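Colleague: I have the file open now. Can you walk me through it before I start on my own notes?

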Amino acid sequence: MHVAYAPKFLLSRGPDGGAADLTDNEKMVILKKITLESKKERYYMNLYEAIFLRQSVRQFSMTPVAPELLQRIGTFYEQIRPLFPGISTEIGITENVDGKHRLQGLFGIRAPYYLTIYSEERDRAEMNAGYICGQLSLYMVTLGLGSCYIGVSWQRDMPLARGSMKLIMTMAFGLPKGPLMRRANEARRLPVRELCVYKDEPVRWMTQVIEAARLAPSYKNSQPWRFVVVGRRIHIFSKKDGMDKPRKWVEFSFGVMFSHIAVASEELWLEVDLIRLENVSQKNFKNNQYVLSAIVREQTEGAFK
Ligand SMILES: Cc1cc2nc3c(=O)[nH]c(=O)nc-3n(C[C@H](O)[C@H](O)[C@H](O)COP(=O)(O)O)c2cc1C
């Protein structure tokens, strides 16, 4: 069998493995402040901070990254609690420091590594994969690595399926040739007033959660999400004119956006439940389709009983 695709490691995680609640130690790994030496500056960053600084990186140095960092990406993946724990996923990392695996197609990005995520073919598989990749992309920033989702290209060497798992997304990643980060106000994003309606005066943490969601990357920067905040509930809608975009990439983008909500909530000591509320789903909106609601609670409630 011709296997040009040779992942450094391939990790699987099904409903029974890795989806369990994180231990305190694992949380420490996720939130641990990692020291980065870059241009003689020191960055201390966690995932939440990375939300404000991340940008797509499309130009890479072909220098290999320390194997330890690749291993850390794998370990981090294993600790992510999926959005839908019943959906099994796998990731692989293809090393390409010799440039042989260049992605084909108009938007091919030459990168020293490609991360591929495979999933069981289930309802919401793309959203679940987006939720995982959103966190991987932020984690890479904390390691000093840039990344870019590649939705439109195909790669000759990447199998479209691995057993019953289908390829959902490829992420190019590695050490960036140019800047790794930008300031949040440099991100091309719609202003909050166009994305969100607050039915009443929001508490501060709610505006922080919405800001994290607003900064999420999306397919062609389409930002298909709209939010209606009622008290501690965020009702999340998808703009119908975003529907001309491939459905799977809209779903994937929603997953990435939910990962920003999850990371912000973790940082702000909030608990979030994502649920579909029948009373909202039955409402008819002309331009927006209901997706899910996030019910946000403060973790400190009742903490010192
Ligand atoms: C589902 C999805 C697919 C994407 N596909 C591509 C792609 O094929 N090529 C590319 O250069 N960027 C791609 N992107 C990156 C987006 O264009 C980018 O995230 C968006 O323009 C926002 O820019 P930023 O990531 O720098 O904030 C994709 C992003 C997502 C979420």
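Modeller: One definition before the ligand comes up: Ala, Val, Leu, Ile, Met, Phe, Trp, Tyr, Cys and Pro count as nonpolar, Asp, Glu, Lys and Arg as charged, and the others, Gly among them, as polar. Also, this is a predicted model.

Colleague: Fine. With those classes, how do the residues of the shell around the ligand divide?

Modeller: There are 11 nonpolar, seven polar and two charged residues in the shell around the ligand.

Colleague: Which ones come nearest?

Modeller: Ser56, Tyr149, Gly151, Pro217 and Asn221, out of the 20 residues around the ligand. Strand 6 (146-150) and helix 7 are the elements that give two or more residues to that shell.

Colleague: And which element gives the most to the shell?

Modeller: Helix 7, with four residues.

Colleague: What does helix 7 lie across?

Modeller: Helix 7 (residues 247-267) lies across strand 10, strand 11 (233-239), strand 12 and strand 13, and runs at about 155° to strand 12.

Colleague: Let's stay with those strands. What is the strand order in the open sheet?

Modeller: The order is 9-10-11-13-12, five strands with mixed pairing. Strand 9 (196-198) and strand 12 (270-275) are the edge strands, each pairing on one side only. From one strand to the next the twist averages 20°.

Colleague: How many bridges join strand 9 to strand 10?

Modeller: Three, and strand 9 and strand 10 (residues 225-230) run parallel. Cys196 has Phe227 in strand 10 as its bridge partner.

Colleague: And where does helix 6 lie?

Modeller: Helix 6 (residues 204-214) lies across strand 9, strand 10, strand 12 and strand 13 (288-298). Its direction is at about 170° to strand 10.

Colleague: Change of topic. Strand 5: buried or exposed?

Modeller: Seven of its eight residues (113-120) are buried, so strand 5 is largely enclosed by the rest of the structure.

Colleague: Which strands does strand 5 pair with?

Modeller: Strand 4 (residues 89-95) pairs with strand 5 in the antiparallel sense over seven bridges. Strand 8 (residues 165-174) also pairs with strand 5 in the antiparallel sense, over eight bridges. Tyr118 is a useful marker: Tyr118 is the bridge partner of Glu90, and Tyr118 stands opposite Leu167 in strand 8.

Colleague: Next, helix 4. How far apart are its end C-alpha atoms?

Modeller: They are 26 Å apart, which agrees with the 26 Å that its 18 residues (125-142) should span at 1.5 Å a residue. Of those 18 residues, 17 are buried, so helix 4 is largely enclosed by the rest of the structure. Just after helix 4, Gly144 takes a positive phi of about 85°.

Colleague: Pick one residue in there for me. What about Tyr131?

Modeller: Tyr131 is found in helix 4. It counts as buried because it has 26 C-beta neighbours inside 10 Å, where 20 or more is the cut-off.

Colleague: What does Tyr131 touch?

Modeller: Pro82, Leu83, Gly255, Phe258 and Ser259, leaving aside residues up to four places away in sequence. Tyr131 and Ile261 are 130 residues apart along the chain, and their C-alpha atoms are separated by 10.0 Å.

Colleague: What share of contacts in the chain join residues at least 24 apart?

Modeller: 78%, among contacts between residues at least 6 apart in sequence.

Colleague: Last one, for my notes: how many helices and strands in the chain?

Modeller: Eight helices and 13 strands. The chain has 305 residues, and buried residues make up 40% of them.

How values were computed:
Residues numbered from 1 in each chain as written. Predicted model: local features only at pLDDT ≥ 70, side-chain atom pairs only at ≥ 80, totals over all residues. Buried ≥ 20, exposed ≤ 12 C-beta atoms within 10 Å, placed from the backbone. Pairing = 2+ DSSP bridges. Expected span 1.5 Å × (residues − 1). Axes fitted to C-alpha atoms, helices over the stretch in contact; angles between N-to-C directions. Contact = placed C-beta atoms within 7 Å. Near = placed C-beta within 6 Å.
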